[in-house]
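The exercises below go with the structure shown here. Try each task before reading its solution.

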Amino acid sequence: MSHWWQQIPKRVRLILVSVLVGSVVTYMLIVGGRSVLDDPNWDTLWLSVIGAALLTFISYRATKK
């Protein structure tokens, strides 16, 4: 990554990445949940769940190093 990113302490970087990924996953779950409540479509729910799981897996693999 960029040089400025490496200057940030590792603990702070992990917290920032965790907050960012958590907010994106939460946003996806809220939007998916609202759309299912408005129009009960199971495809939308599954897409939201799969997207959230994929983002969680990617963020886990990225921070595992």
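**Exercise 1.** Decide whether R13 is buried or exposed in this predicted model, and describe its surroundings.

Solution.
- Step 1: place the residue. R13 belongs to helix α2, which covers residues 10-38.
- Step 2: compare its area with the cut-off. A residue is called buried under 20% relative accessible area. R13 has a relative accessible area of 16%, so R13 is buried.
- Step 3: list the contacts. Leaving aside residues up to four places away in sequence, R13 touches W5, Q6 and I8.
- Step 4: look for a polar partner. A polar atom of the R13 side chain lies 3.1 Å from the backbone oxygen of I8.

**Exercise 2.** Find which helix holds S59, and say whether S59 is buried or exposed.

Solution.
- Step 1: S59 lies in helix α3.
- Step 2: the relative accessible area of S59 is 14%, which means that S59 is buried.
- Step 3: in the side chain of S59, a polar atom lies 2.8 Å from the backbone oxygen of T56.
- Step 4: along the chain, S59 and G22 are 37 residues apart, while their C-alpha atoms are separated by 9.5 Å.

**Exercise 3.** Classify L47 and V49 by their accessibility.

Solution.
- Step 1: both positions are in helix α3: L47 has its place there, and V49 is found there too.
- Step 2: exposed means over 50% relative accessible area, and partly exposed covers values between 20% and that limit.
- Step 3: L47 has 63% relative accessibility and therefore counts as exposed. V49 has 35%, so V49 counts as partly exposed.
- Step 4: for L47, a distance can be added. Its C-alpha atom is separated by 9.5 Å from that of M28, and the two residues are 19 places apart along the chain.

**Exercise 4.** Name the residues that make the nonpolar surface patch, and find which helix gives the most to the patch.

Solution.
- Step 1: the patch is made by L29, W42, W46, V49 and I50.
- Step 2: its area is about 570 Å².
- Step 3: helix α3, residues 42-63, gives the most, with 4 residues.
- Step 4: V49 links this exercise to the previous one, as a partly exposed residue that takes part in the patch.

**Exercise 5.** Summarise the whole chain: its secondary structure, its surface and the confidence of the prediction.

Solution.
- Step 1: count the elements. There are 3 helices and 0 strands, in the order α-α-α along the sequence.
- Step 2: describe burial and surface. The chain has 65 residues, and 14% of them count as buried. About 5500 Å² is exposed, with 69% of that area supplied by carbon and sulfur atoms.
- Step 3: check the confidence. The mean pLDDT of the chain is 79, and 86% of the residues reach 70 or more.
- Step 4: compare the elements. Helix α2 has the highest mean pLDDT, 82, and helix α3 the lowest, 80.
- Step 5: apply a caution. Predicted coordinates should not be read in detail where pLDDT is low.

Methods: Residues numbered from 1 in each chain as written. Heavy atoms only, no water. Patch = residues over 30% accessible without salt bridge, like charges linked within 9 Å, V, L, I, M, F, W, Y side chains within 5 Å. Areas by Shrake-Rupley, 256 points an atom, 1.4 Å probe, with all protein chains shown as cover. Salt bridge = Lys/Arg side-chain N within 4 Å of Asp/Glu carboxyl O. Helix = DSSP H or I, 4+ residues; strand = E, 2+ residues; numbered from the N terminus. Buried < 20%, exposed > 50% of the residue type's maximum accessible area, 1.4 Å probe, protein only. Polar contact = N/O pair within 3.5 Å; in protein donor to acceptor, adjacent residues only side chain to side chain. Contact = heavy atoms within 4.5 Å. pLDDT = per-residue confidence, 0-100.
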